[in-house]
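The exercises below ask the reader to work through a model by eye and then to check each step against a written solution. Please look at the sequence and the structure before reading on.

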Amino acid sequence: MRAAETLLRAGLSAALIDEAPLAGGQIYRQPPESLRRPARQLYGSEARKALALHESFSRLRTSIDYRPETLVWGAREKRLLLSGPAGNTELAFDKVILATGAMDRIVPVPGWTLPGVYSLGGAQVVLKGQACLIGKRPVFIGTGPLLYLVAYQYCKAGAEPAAIVDTSDFTAQIGALPRLLSQPATLLRGIWYNAALVARRVPVFRSAKPQKIEIRGRQLVVTFKRNGKSFEIGGDAVGMGWGLKPETQLAEILGCAFSFHAGSRWHLPRCDAMGRSSTEHVYIAGDASGIRGADAAEAAGELAAFAVLEDLGHTVPQTRRQRLLAHLARAERFRSGLERAFPYQVPELAGDTVLCRCENVTVEEVRAAISSWQISELNQLKALTRCGMGRCQGRLCGSAAMEVLAAETGVEISDVGSIRGQIPLKPLIGARFQRKAAP
Amino acid sequence: MYSPRFHSISENDRQKLTLLVDGVSVEAREGDTLLTALMRHDGWVRTHEFDAGSRAGFCAMGACQDCWVTLADGQRLRACTTPVRSGMAIVRKPAINV
């Protein structure tokens, strides 16, 4: 959105293609009209930023080719393949800025496919977009700032979380403090959420190892180990997540080069500080090129637009450009702090864990295939086991599958590959295909 | 086996809509997604293709594709990103057994 605004201001014409029905992305998501609530209630401390962004959008809406509810499901050279209310269409472009965002990163736990178990991001979407709680006594498991933020937001909305089960170690969080001081306001907010949860007597278990989630009567019971002891916590829903990972499939389809990023144990599209990818006409902004959060995404959007303008021979305001670059550098340092505080660790997974929930492939099936076929690369694994071949295209299992493959073979995590994106990037709605007239 | 999940925090004057779920008339509210309507009704969304397990989505943001439902006319829709419309008929059973 910030990118679009910057391009329009420079006199360029642009299209804004958004999968969501209303502008705002995930963080500043707007609920449907009938579920409108005060901004303070929806976005908490970020209400002012949310309102500013929504206002910017309403100013540019009439001067931009805006296409809500529209999925970019593929690309062919300089054409995007779209599916939306207007049916399936194509859109030619000179330059494209990808702001495809991120989604939760998951460590599968036996029972994570049960109804009532959601990703942390999902729990947040349900609250923000639908004014619903996934449960009144949810158990939140995983790690990362979102774990505490979602629990806090649920408390504010009237839930009483049964527990927070954090797989990270508290000492790691202390050790990361120097880096986290690069964004003191954000760090302070994190500390505030934690304090608020303590004040509400939400039990927090750190260094926990989740074992399983079971349905017992109406309850969802989470079993985890901590210091050798086994604990059971019952609730009426589960939210789980281990930080975020970028949505990079479209960048892949557009031919962008990727590099392995050790801190996040994930492959990221290679970009310069302005957001230029390795493909000449493709730019990437926001979490899509590495998780840096919503504030940085606004800066990155504007910078990517500056990059487009520079490459088209326009001059861009240098002071502004430098300020934005400094902002992103701070966000980058903060991210490295978060990676230390809440490391993504995939423990030894139980054999009966469903790794790929689309295709119901278990960890032991994957392990058996790896050893009998001597698999060392993730797409081989996918072809031979169907792990990652389902409708989500490995968005949920890909990260854990990489870890299982690396652990089984002894191959470095950086060298086991990643699940290739395929078009259509997401399933299409059949009714949007135009029927050809009979000859 | 399953009970309603999802608790609304703004029970309000939103317009009521009726949909059919497995032939049963179910009340939803204007602005609900199909996912919300199904979760508030009886707490599950679909039967998995490869086992008898019930699923109810996971990501709620159109990424995991674990909440696709079939309408009586054969059309398939993703529950978490589809707003409920009056008269929608969802057929969750029988599962497509493979």
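**Exercise 1. A covered strand and its partners**

In which sense do strand S10 (residues 138-143) and strand S11 (residues 163-166) of chain A pair, and over how many bridges? Then describe the burial of S10(A) and its pairing with S16(A).

Solution. The model is a predicted one.
Step 1: S10(A) and S11(A) pair in the parallel sense over four bridges, and within this pairing Phe140(A) stands opposite Ile164(A).
Step 2: S10(A) also pairs in the parallel sense with strand S16 (residues 237-242) of chain A, here over six bridges, and the bridge partner of Ile141(A) in S16(A) is Met240(A).
Step 3: For burial, S10(A) is mostly covered, since six of its six residues are buried.
Step 4: In a regular strand the side chains alternate between the two faces of the sheet. In S10(A), Pro138(A), Phe140(A) and Gly142(A) point one way, while Val139(A), Ile141(A) and Thr143(A) point the other way, and all are buried.

**Exercise 2. Two open sheets**

Give the strand order of the three-stranded sheet of chain A and of the five-stranded sheet of chain B, and explain why certain strands have one side without a neighbour.

Solution.
Step 1: In chain A, three strands form an open sheet in the order S13-S14-S15, with antiparallel pairing. Strand S13 (209-216) and strand S15 (229-235) of chain A are at the edges and each has a single partner strand, so one side of each has no neighbour in the sheet. On average, neighbouring strands of this sheet are turned by 20 degrees against each other, direction ignored.
Step 2: S14(A), residues 219-226, is joined to S15(A) by seven bridges, the two strands running antiparallel, and Val221(A) stands opposite Gly234(A) in S15(A).
Step 3: In chain B, the open sheet of five strands has the order S3-S2-S8-S6-S7, and its pairing is mixed. Its edges are strand S3 (24-29) and strand S7 (76-78) of chain B, each with a single partner strand, and therefore one side of each is left without a neighbour in the sheet. The twist from one strand to the next averages 40 degrees.
Step 4: Strand S6 (residues 68-71) of chain B runs antiparallel to S7(B) and is joined to it by three bridges, with Trp68(B) opposite Arg78(B).

**Exercise 3. Helix packing and helix length**

Which angle and axis distance describe the packing of helix H1 (residues 2-9) and helix H10 (residues 293-311) of chain A, and why does the length of H10(A) agree with expectation?

Solution.
Step 1: H1(A) and H10(A) pack at an angle of about 35 degrees with their axes 7 Å apart, and their crossing is right-handed.
Step 2: From H1(A), Arg2(A), Ala3(A), Thr6(A) and Leu7(A) meet residues of H10(A), including Glu298(A), Gly301(A), Ala305(A) and Phe306(A). By class, this contact has six nonpolar, two polar and three charged residues.
Step 3: At 1.5 Å a residue, the 19 residues of H10(A) should span 27 Å, which agrees with the 26 Å between its end C-alpha atoms. Just after H10(A), Gly313(A) takes a positive phi of about 90 degrees.
Step 4: Helix H11 (residues 318-341) of chain A can be checked in this way as well, because its 24 residues should span 34 Å at 1.5 Å a residue and its end C-alpha atoms are 35 Å apart, which agrees. Among the buried residues of H11(A) are Leu324(A), Leu328(A), Phe334(A) and Arg335(A), and the elements covering its buried residues include H5, H8 and H10 of chain A.

**Exercise 4. A cysteine in a loop**

Is Cys397(A) buried or exposed, and which residues does Cys397(A) touch?

Solution.
Step 1: Cys397(A) lies in the loop between helix H13 (378-385) and helix H14 (398-409) of chain A.
Step 2: Cys397(A) counts as buried because it has 27 C-beta neighbours inside 10 Å, where the cut-off is 20 or more.
Step 3: Leaving aside residues up to four places away in sequence, Cys397(A) touches Pro108(A), Leu355(A), Cys356(A), Arg357(A), Cys387(A) and Gly388(A).

Note on methods
Residues are numbered from 1 along each chain as its sequence is written. Chains are lettered from A and ligands numbered from 1 in the order in which they are written. This is a predicted model: local features need pLDDT of at least 70, side-chain atom pairs count only at pLDDT 80 or more; totals for chains, interfaces and linings use all residues. Two strands pair if DSSP finds at least two bridges between them. Axes are lines fitted to C-alpha atoms, for helices over the stretch in contact, and angles run from 0 to 180 degrees between N-to-C directions. A crossing is left-handed if the near helix is turned anticlockwise from the far one by less than a right angle, and right-handed if clockwise. Two residues are in contact if their C-beta atoms, placed from the backbone, lie within 7 Å. Ala, Val, Leu, Ile, Met, Phe, Trp, Tyr, Cys and Pro count as nonpolar, Asp, Glu, Lys and Arg as charged, and the others, Gly among them, as polar. The expected span of a helix is 1.5 Å times one less than its number of residues. A residue is buried if 20 or more other C-beta atoms lie within 10 Å of its own, exposed if 12 or fewer, and partly exposed in between; C-beta atoms are placed from the backbone.
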